[in-house]
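Work through the exercises below with the model in view. Try each task before reading its solution.

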Amino acid sequence: MNAAAYQYRPPKPNYLPHDIEVDEPIVEEYTLPLGKADDRENAIFFNKMKSAAQEYGIVRPKGYTVSYHATPEMEKHHFGQTHPMKPWRLTLTKSLVTSYGMPFAMDNYITREATYEELNAFHGSDYLDYLITAAPEDQPRDIENPDKEVKYNLGGSDCPLFHGLYNYCSMSAGCSLDAARKICSKQSDIAISWGGGLHHAKKYEASGFCYINDIVLAILQLLRIYPRVLYIDIDVHHGDGVEEAFFSTDRVMTVSFHKYQPDSFFPGTGALEDNGPKNEHNPGAHHAINVPLQDGITDEQYEALFQSIIGAINERYRPSAIALQCGADSLAGDRLGRFNLRVQGHGACVKYCKSLGLPMILFGGGGYTPRNVARAWAYETSIAIGADASIPETIPEHAPWREHFVHDTLFPSLEQSLNEPRHNRNSEKRLREIVTHVHEQLRFVAHAPSVQSQIIPPDLGPIRDEVEARLKEEKEERNDGLRRIREEGIGEALEY
């Protein structure tokens, strides 16, 4: 079924005029492993979604606002039949989020593509120009010749040149930029961008399935308003692109929890001792925290480690906002990751960060078993809106593409996710050593009052709010049904 029309508060487009010819859709037709519903089926589903929201008590949270930023066109893109990145994992995520009625509790936005100028705020012009003009290739260049050179790391098995690549990158960045701007304008307190989180991309290079670093672009927006941003990465891979981008500043502290096996696991960086520039006079010294882990870590170990480290950082660094990358390849049963984390353990990180009460963006990221990615991100959406205790564990019967989840539970056991749990190679002694090292590094971090806003990144979208308001007004004039739905009061907490 097509979940695009299921959102109770219709998405609010944020389009700006585009002058770049390449922004026209050029996506090659690709048949998703999913069906498509007609208008009648969509209407039936909408009513079921509405009933689910009422049954599960899904209402807008009191005291704070959550926004959900997505571009449905991203789901149509295809990296290649054998490539582990599957954009239709976003379709499965939408299936669960809508089935539980969660859109009733959020502001829902269809975001525009990021413009060339917005991408250029971080990425080099030469790189972007090549990304725009590079022709799609049906087969990676290094399949027959592993030593064949690729420009900007584009065209190999890692980062193939697929149809609609630039559009895909622009959509991903657009989601995260819009999320950041809603945080900056105080329209949102928690903004969700599951289509973002591509943390490996460098200024002049694609890397690890990532072409544009939407996280860096979003953090640059946050730095216009917030003096200090804490970036946290729970992807199974080291968040090297974000760490590198903010390597020499004390306005961003990067913290990455990841598998570290430099000789055999990508990207091979992020050792415990890698804490930023070695020169103590460089403002970024001690502002990169790395938590290297081994296969098989459990929910209990991960949660205790996360809370101990993030709690200490929050107390010392006193961030003004949080950017949390929720890469789901750290879940058990992932095609690439080898941890023993369940959906609950992964979500516990989101719950803890939410408890800190800071403005926060939730990004997507890795995750190569789509059904488990969808479970994690749907559960973490429920945490954001405060509905995690009320939604049922059993996936609703009316969920689109329910058969793709194999098991009917939101929280599969390790045995359901794996034939057998991975051997846990993380000793308690080693985990204590990691915590001790991090606490030692924090002794060298200046207390928050000494971290000042000195450089404010440029704002490239001053007319965005005016355009958005005009488009919203036009949309509501065309849709009188919206008024009638709102009058029902669904999704609003009652005041007594």
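Which residue in β8 stands opposite Ile 322? Ile 322 stands opposite Met 360.

Two notes before going on. This is a predicted model, in which local features need pLDDT of at least 70 and side-chain atom pairs count only at pLDDT 80 or more, while totals for chains, interfaces and linings use all residues. Residues are numbered from 1 along each chain as its sequence is written, and side-chain values use heavy atoms, with hydrogens and water left out.

**Exercise 1. Take stock of the chain.**

Task: find how many helices and strands the chain has, and what share of its residues is buried.

Solution.
- Start with the elements. The chain has 14 helices and eight strands. Helices (H or I, at least four residues) and strands (E, at least two) are DSSP runs, numbered from the N terminus.
- Next, burial. Of the 496 residues, 59% count as buried. Buried means under 20% relative accessible area, exposed over 50%, and partly exposed in between, with a 1.4 Å probe and protein chains only.
- Then contacts, meaning heavy atoms within 4.5 Å. Take those between residues at least 6 apart in sequence: 81% of them join residues at least 24 apart.

**Exercise 2. Lay out the sheet.**

Task: give the strand order and find which strands stand at the edges.

Solution.
- The order in this open sheet of eight strands is β2-β1-β3-β8-β7-β4-β5-β6, and the pairing is parallel. Two strands pair if DSSP finds at least two bridges between them.
- β2 (107-110) and β6 stand at the edges. Each has a single partner strand, so one side of each lacks a neighbour in the sheet.
- Neighbouring strands are turned by 15° against each other on average, direction ignored. Angles run from 0 to 180 degrees between N-to-C directions, and axes are lines fitted to C-alpha atoms, for helices over the stretch in contact.
- Now add a helix. α8 packs on the sheet and touches β4, β5 (252-259) and β6. The direction of α8 makes about 170° with that of β5.

**Exercise 3. Place strand β7.**

Task: find what joins β7 to β4 and β8, and decide whether the residues of β7 are buried or exposed.

Solution.
- On one side, five bridges join β4 (residues 229-233) to β7, and the two run parallel. Tyr 231 has Ala 323 as its bridge partner in β7.
- Four bridges join β7 to β8 (residues 360-363), again running parallel. Here Ala 323 stands opposite Ile 361.
- Check the faces. Ala 321, Ala 323 and Gln 325 are buried on one side, Ile 322 and Leu 324 on the other.
- Five of the five residues of β7 (residues 321-325) are buried, so the strand is largely enclosed by the rest of the structure.

**Exercise 4. Pack two helices.**

Task: describe how α8 and α12 meet.

Solution.
- α8 (residues 299-317) and α12 (residues 428-442) pack at about 10°, with axes 10 Å apart.
- That makes α8 roughly parallel to α12. Angles under 35 degrees count as roughly parallel, over 145 as roughly antiparallel, 65 to 115 as roughly perpendicular, and the rest as oblique.
- Residues of α8 in this contact include Leu 305, Ile 309 and Arg 316. Those of α12 include Leu 431, Val 435 and His 439.
- The residues of the contact divide into nine nonpolar, three polar and two charged. Ala, Val, Leu, Ile, Met, Phe, Trp, Tyr, Cys and Pro count as nonpolar, Asp, Glu, Lys and Arg as charged, and the others, Gly among them, as polar.

**Exercise 5. Follow Asp 295.**

Task: locate Asp 295 and name the side chains with which its own makes polar contacts.

Solution.
- Asp 295 lies in the loop between β6 (288-293) and α8.
- Asp 295 is buried, with a relative accessible area of 10%.
- The Asp 295 side chain makes polar contacts with the side chains of Lys 259 (2.8 Å) and Arg 338 (3.5 Å). A polar contact is a pair of N or O atoms within 3.5 Å; within protein, one must be able to donate a hydrogen and the other to accept it, and residues adjacent in sequence count only if both atoms are side-chain atoms.
- Leaving aside neighbours within four places in sequence, the contacts of Asp 295 also include Phe 339 and His 423.
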